[in-house]
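Here's a quick walk through this model, from one strand pair up to the way the chains meet. Have a look at it first.

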Number of protein chains: 2
Amino acid sequence: MIKYFSENQVEKVRFGRPFPTESIILNDFHEKAFETDHLFKATTFEATTHLTIAMDIEDCVYGLGENLRGINKRGYQYVSFCTDEPKHMPGKTALYAAHNFFIVHSRDQSMGYYIDFAGKITYDIGFTNQENFEITVEGIDFDVYIYRGTPNEIVTSFRKSIGQSYVPPIWGFGYQQSRWSYENMEIVENIADGFDQYDIPCDAIYLDIDYMERFKDFTISQRNFPEFESFNEKMLARDIKLIPIIDAGVKIEQGYDVYDEGLKNSYFCTDESGEPFVAAVWPGKVHFPDFLNPDVRKWFGEKYHGLMKKGIQGFWNDMNEPAVFYSEKGLRELFIWLKEHENTNMDIYSFFEMTDRVARLSNADEDYKSMYHNIEGKRISHYDVHNLYGYFMTRAADEGFKILNANQRMLLITRASHVGMAKHSGIWTGDNHSWWEHLKLNIQMMPSLNMVGFLYAGADTGGFQDNVSPELMVRWMQFSLFTPLLRNHSAMGTRNQEPWRFEGKVKEHIRNLIRLRYSMIPFLYSEFMKASITYGMMFKPLSFEYEDEASKRVEDQLLVGDSLMLAPVYEQNAVGRFVYLPEEMLLWRATAYEDISEEQFQIYDSGYHYIKATLEELLIFIRPDKLLPLVAPKNRVNRLNRKSFVLLGFTHEVSEYELYVDDGITFDYKNHNKYELVKIEAETDGKCRIDQEDYSIQKSFIFRR
Amino acid sequence: MIKYFSENQVEKVRFGRPFPTESIILNDFHEKAFETDHLFKATTFEATTHLTIAMDIEDCVYGLGENLRGINKRGYQYVSFCTDEPKHMPGKTALYAAHNFFIVHSRDQSMGYYIDFAGKITYDIGFTNQENFEITVEGIDFDVYIYRGTPNEIVTSFRKSIGQSYVPPIWGFGYQQSRWSYENMEIVENIADGFDQYDIPCDAIYLDIDYMERFKDFTISQRNFPEFESFNEKMLARDIKLIPIIDAGVKIEQGYDVYDEGLKNSYFCTDESGEPFVAAVWPGKVHFPDFLNPDVRKWFGEKYHGLMKKGIQGFWNDMNEPAVFYSEKGLRELFIWLKEHENTNMDIYSFFEMTDRVARLSNADEDYKSMYHNIEGKRISHYDVHNLYGYFMTRAADEGFKILNANQRMLLITRASHVGMAKHSGIWTGDNHSWWEHLKLNIQMMPSLNMVGFLYAGADTGGFQDNVSPELMVRWMQFSLFTPLLRNHSAMGTRNQEPWRFEGKVKEHIRNLIRLRYSMIPFLYSEFMKASITYGMMFKPLSFEYEDEASKRVEDQLLVGDSLMLAPVYEQNAVGRFVYLPEEMLLWRATAYEDISEEQFQIYDSGYHYIKATLEELLIFIRPDKLLPLVAPKNRVNRLNRKSFVLLGFTHEVSEYELYVDDGITFDYKNHNKYELVKIEAETDGKCRIDQEDYSIQKSFIFRR
């Protein structure tokens with residue numbers, strides 16, 4: 001049963017009777033006769049649908065949001081099935097998200113596709129056979145939305161159909177420090193003191209699972225944080241926000257209100273027999289709230305109010321794929337198997353079966369298949385709607401926040417996600433490693449995250465697992481400087497990677513970089529807000545702006561907002577890198593806000609260049625007739641003077657920048673149009689203008705050809 | 001107790017009383033007073049020695065043989081402890097080898113160091129702190145050899161002290177096809193037929209563990225290879241060599257001659273109680289021959305004669321770190337632990353302890369520590385001499401070969417290795433993955449393997465684990481084309497990656513590349529032999545020949561022999577790459593031997609370039625006044641006419657090449673100086689000369705500025 005619809009430039013093809021993911025907010029499609037010019041073919045076999053998309057040999061494929069590999073997704077296989085993947089290696093195909101939107105970018109015409117489906121989808125984009133694009137949908141009930149135009153037009157059209165992107169409070173653009181784990185008040189205070197002592201900016205400190213009482217959501221460990229509320233007040237007085245974690249699983253423990261209420265009201269996912277499904281995660285045995293049920297979402301969302309009333313202004317939702325270390329059933333079956341084999345002279349095949357069974361205990365498809373949601377009296381296998389779980393948990397949080405205070409922005413990031421979630425929160429890209437390869441992955445992933453609406457996004461800077469080297473820390477910071485979410489996060493047992501943990505010059509470089517970040521916050525925030533309001537991207541591949549063939553092949557440079565191009569250094573021992581310039585640009589070899597001088601600027605012709613960059617040098621390219629406004633860095637976002645600028649620019653005719661400004665903390669910009677657009681201009685003779693009286697230009701570095 | 005010696009330009013510092021690794025063949029050192037200008041400091045703490053080496057901020061560190069990361073080893077940590085490492089990820093620190101030789105390359109003076117020690121060594125080369133080079137030797141008895149000079153001088157001096165590198169028969173330069181597993185005669189024959197059917201060259205097919213009877217060394221499965229000897233004869237008549245695998249562990253099975261003899265003669269390593277140590281590997285329970293005992297080596301080496309007498313001319317020694325899936329003791333302890341926990345409500349910490357215990361069963365330090373060698377009545381912990389095991393197994397094989405036929409070259413590659421082994425065999429780089437990152441690792445590892453004498457080396461082309469994409473297969477082949485060992489090997493359960501398994505054009509590209517390989521064999525063999533005889537390197541970093549600063553930073557280009565520079569494409573979807581030329585060079589954009597035409601050549605100035613390379617184009621740079629002689633490709637090495645050349649050259653004044661030629665199968669080149677050096681020249685006007693009558697130049701492409 002295929003139905004065909006269209007509305008403006010969006011077309012929709014319906015297969016069967018899809019489960020509503022609520023990711024698309026458009027609803028006025030008109031049914032039409034099916035048009036035969038669609039660029040995909042569909043065949044259904046049993047419970048699976050195969051889609052084949054036409055692809056020319058030089059086409060590029062962009063999208064799939066949070067996933068492995070390059071900007072151009074061609075040449076590999078990908079899976080959309082939210083996974084707690086601890087090792088983001090090149091052989092993996094799925095991460096924490098399911099973002100089924102992609103663009104086939106052709107010379108003549110580009111096409112965007114969104115497959116609106118809550119279950120597993122596999123993509124083979126010229127992997128098995130270079131010229132074939134094969135998609136396997138594990139289901140027969142789903143919608144495909146089709147978009148036409150340039151890549152930018154397609155993205156904007158798609159983004160309009162999924163809603164406006166989440167906007168954090170402006171202090172969310174400050175530097176954020178995290179670790180698994182700052183486990184008690186003393187440690188958190190020491191960390192805050194470290195930033196003050198070394199005079200390094202910081203706006204937030206994260207609380208990982210140890211702030212809770214035995215990892216129970218919405219509780220506070222009396223041992224670790226005996227005076228949580230007053231401690232938080234003390235931190236707020238220092239302009240430091242504490243960001244506690246909330247996990248998906250609810251600990252099974254009689255007398256624990258969340259467990260008791262969930263049980264009483266049948267709010268948990270169930271097993272085959274209708275009993276609450278038992279999995280083990282950090283708290284030990286847990287039940288999973290059935291977030292697909294609106295009553296459950298309301299109940300769980302309001303649970304956040306307890307911490308909010310204690311002054312908490314931000315959260316991170318974790319383990320919401322949902323991650324399952326093991327299920328009660330899986331562990332039971334393992335022990336039965338082990339019992340059968342313990343007295344045999346275990347042969348090599350039994351041994352590998354054992355290691356394999358142990359490895360497969362976590363996040364097992366069989367467990368997801370034997371867990372159920374109960375929606376309007378109907379039982380639905382979790383496996384079939386798996387990719388919605390984290391999305392609907394985070395929706396619960398966001399909707400809960402707004403019940404308490406509809407006009408206050410909250411900081412919210414989450415791990416698992418699906419298309420549609422971007423209107424509720426930002427994301428971090430999960431448990432990466434301190435690998436150069438993961439800095440590159442971070443660079444390559446930013447545009448595809450933006451494509452599906454995740455503008456407030458960033459990676460664990462420095463890497464979560466493994467030990468970071470000083471050099472990697474600096475180079476990573478040089479990139480994360482530009483990501484709206486700038487968070488340094490690392491795992492238990494790894495090297496401490498707060499800025500002052502490194503020696504001499506490296507510590508100084510990191511401090512200078514964080515201070516540079518703060519000097520750019522008005523610009524970054526402005527670019528972010530414009531992207532959210534206009535359904536645009538803040539991080540773009542070169543090919544989204546430049547139509548030459550060479551730009552299509554650039555995998556390690558990005559356009560940031562309207563003014564900048566980045567060419568991050570992401571290789572060990574590098575003292576420079578190759579850069580492609582699609583047009584003439586001005587290079588600023590940035591080191592520290594205090595050190596800006598004429599010698600740091602150089603105009604480069606379009607074309608290919610090798611550009612030197614010592615460890616302390618950050619390469620920032622300013623595009624022609626564009627500006628980069630900076631402000632004096634301070635140690636907190638709210639201490640910045642956002643009205644007095646140092647202006648950097650490259651002027652052919654006249655450089656222009658429109659700076660978006662609002663209160664940074666409420667939704668008045670949306671509900672009451674309360675925001676300003678401040679116009680800044682620079683002429684070829686270096687003269688600068690600003691069109692609002694209370695704004696000023698303190699100094700300028702305007703270059704011309 | 002530190003003693004200091006010197007001999008010619010080599011100095012030696014002795015700590016304590018080292019176990020003899022027999023890696024250094026020099027022996028006429030003279031004891032001298034300790035000189036204070038050594039560039040390292042040593043401190044001993046309990047059973048560990050810390051060495052600190054001075055390093056300037058711009059120094060590069062080369063070496064460590066088979067290990068992870070780049071050509072310049074700076075910025076990371078490495079461990080020398082032979083490990084059956086299934087995943088060569090960026091977070092790993094050790095592979096299958098222990099190659100404790102490295103060069104600190106400074107502007108003023110470079111220093112080479114070889115730490116002659118059989119146990120574990122850890123290197124921190126500016127990882128924890130950018131400027132520090134810290135080495136931890138897990139012992140107090142070892143030698144340090146110190147070499148001074150340019151990097152090339154240091155390598156030659158070191159290589160002279162470890163002996164002349166292994167030389168395979170010339171057919172070992174042919175294309176070799178492998179898979180785990182071509183498990184029976186029919187399948188092997190089908191593979192051979194495939195090469196004939198698609199007209200693709202091939203000289204050898206590998207037999208993985210299934211050719212054996214229940215994985216017992218030196219046996220043949222009667223079910224899979226019922227007529228092994230006549231089958232091998234049939235294959236030899238087609239000029240296809242079969243290369244069987246030999247594993248380190250000997251299956252425990254009464255009536256199996258190797259087991260019975262080993263047991264009777266106490267040839268196996270023992271446990272604490274003096275009983276043969278029991279580990280499990282492919283055959284199930286095994287004992288490990290005590291290869292450190294010369295009697296055991298002689299006994300085991302002669303076991304190869306059985307297969308040699310059936311016509312076998314090559315072997316691969318595997319699992320000789322030695323790999324241990326589990327020990328009897330380790331498994332017993334796991335089951336005791338499991339029994340204690342099976343009826344408890346396993347909490348999350350016990351769960352992770354369980355998964356961790358299972359993961360740690362394989363290749364456990366505790367097992368290596370409870371296994372013993374018995375040398376001249378003295379019991380030595382295996383852990384302390386672990387890194388010699390594979391080396392001494394392979395030495396046993398090589399010495400065994402020579403007992404049967406002293407003048408016949410055998411093909412021999414091995415997985416685990418140590419410095420000193422290079423005089424006995426070549427190596428493959430172990431179980432890599434079908435990852436672009438591992439193609440890059442392959443490129444970066446070739447020079448460091450050459451530095452420790454492994455000239456006959458190569459990676460599993462296309463990748464062992466995971467599925468290869470057609471594009472990766474082609475790009476990898478474009479590099480492996482130049483490695484003396486060119487073997488396509490893949491694992492059970494992965495995509496079939498024989499050349500004809502790919503579609504249309506890709507299949508044709510691969511065929512063209514293998515044919516190009518055969519056309520280059522006289523050149524590659526010549527460069528290989530000259531490197532072996534003169535203790536030189538066949539693959540060099542640019543900085544070993546060019547002294548400019550930029551050359552020091554090139555991590556993805558290599559000099560191959562005297563004439564060529566390679567700039568392999570190693571990125572998905574790339575249609576070109578950046579290249580640095582330290583001097584003017586001639587680019588040959590090679591596609592197929594038949595297609596060589598003037599249009600494929602282009603002279604590039606020194607400097608930085610972006611160079612296009614479609615999938616079918618292989619970038620080969622010819623250096624000034626150098627030549628590349630090609631011959632017409634055939635489907636077997638022994639069918640090549642090695643005396644009629646197509647000559648490619650780039651001439652400033654006069655291009656010269658000295659071609660080494662010998663019989664390719666005996667040691668007469670060494671024992672009786674039976675080899676020729678054929679001098680080929682080309683003038684700027686394109687005129688070519690060859691100084692031997694029976695050689696001829698059929699065609700030439702000589703370019704000049």
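Which residue is the bridge partner of A:Thr52 in strand 12 of chain A? That would be A:Glu134. Keep in mind that this is a predicted model.

That residue pair belongs to a bigger pattern of pairing. In chain A, strand 5 (residues 48-53) and strand 12 (residues 133-137) run antiparallel to each other, with five bridges between them. Both sit in an open sheet of five strands in chain A, ordered 4-5-12-11-7 and paired in the antiparallel sense. At the edges you'll find strand 4 (40-45) and strand 7 (76-80) of chain A, each of which pairs on one side only. Going from one strand to the next, the twist averages 15 degrees. As a general reminder, the strands of a sheet pair through backbone hydrogen bonds, either parallel or antiparallel.

Now for the domains. Chain A splits into domain 1 (2-162) and domain 2 (524-704). Their centres, taken over C-alpha atoms, are 33 Å apart. Where the two domains of chain A touch, domain 1 puts in 12 residues and domain 2 puts in eight residues. On the domain 1 side, the elements giving two or more residues are strand 6 (60-63) and helix 1 (151-162) of chain A. Helix 1 of chain A gives the most there, with six residues. By class, that side of domain 1 has five nonpolar, five polar and two charged residues.

How many residues do chain B and chain A each bring to their contact? Chain B brings 45 residues, and chain A brings 45 residues. On the chain B side, each of these elements supplies at least two residues:

| Element of chain B | Residue range |
|---|---|
| Helix 7 | 328-341 |
| Helix 8 | 348-359 |
| Helix 12 | 436-451 |
| Helix 13 | 470-480 |
| Strand 36 | 607-612 |

Helix 8 of chain B gives the most to this side, with four residues. The side of chain B that touches chain A is made up of 24 nonpolar, 12 polar and nine charged residues.

So how do the copies relate? A turn of 180 degrees, with a shift of 0.0 Å along the axis, lays chain B on chain A with an RMSD of 0.0 Å. That is the relation of a two-fold axis. What's more, 100% of the interface residues of chain B are also interface residues in chain A, so the copies meet through the same surface.

Terms used. Residues are numbered from 1 along each chain as its sequence is written. Chains are lettered from A and ligands numbered from 1 in the order in which they are written. This is a predicted model: local features need pLDDT of at least 70, side-chain atom pairs count only at pLDDT 80 or more; totals for chains, interfaces and linings use all residues. Copies are superposed by least squares on the C-alpha atoms of residues with pLDDT of at least 70 in both. Two residues are in contact if their C-beta atoms, placed from the backbone, lie within 7 Å. Two strands pair if DSSP finds at least two bridges between them. Axes are lines fitted to C-alpha atoms, for helices over the stretch in contact, and angles run from 0 to 180 degrees between N-to-C directions. Domain bounds come from an automatic or database domain assignment. Ala, Val, Leu, Ile, Met, Phe, Trp, Tyr, Cys and Pro count as nonpolar, Asp, Glu, Lys and Arg as charged, and the others, Gly among them, as polar.
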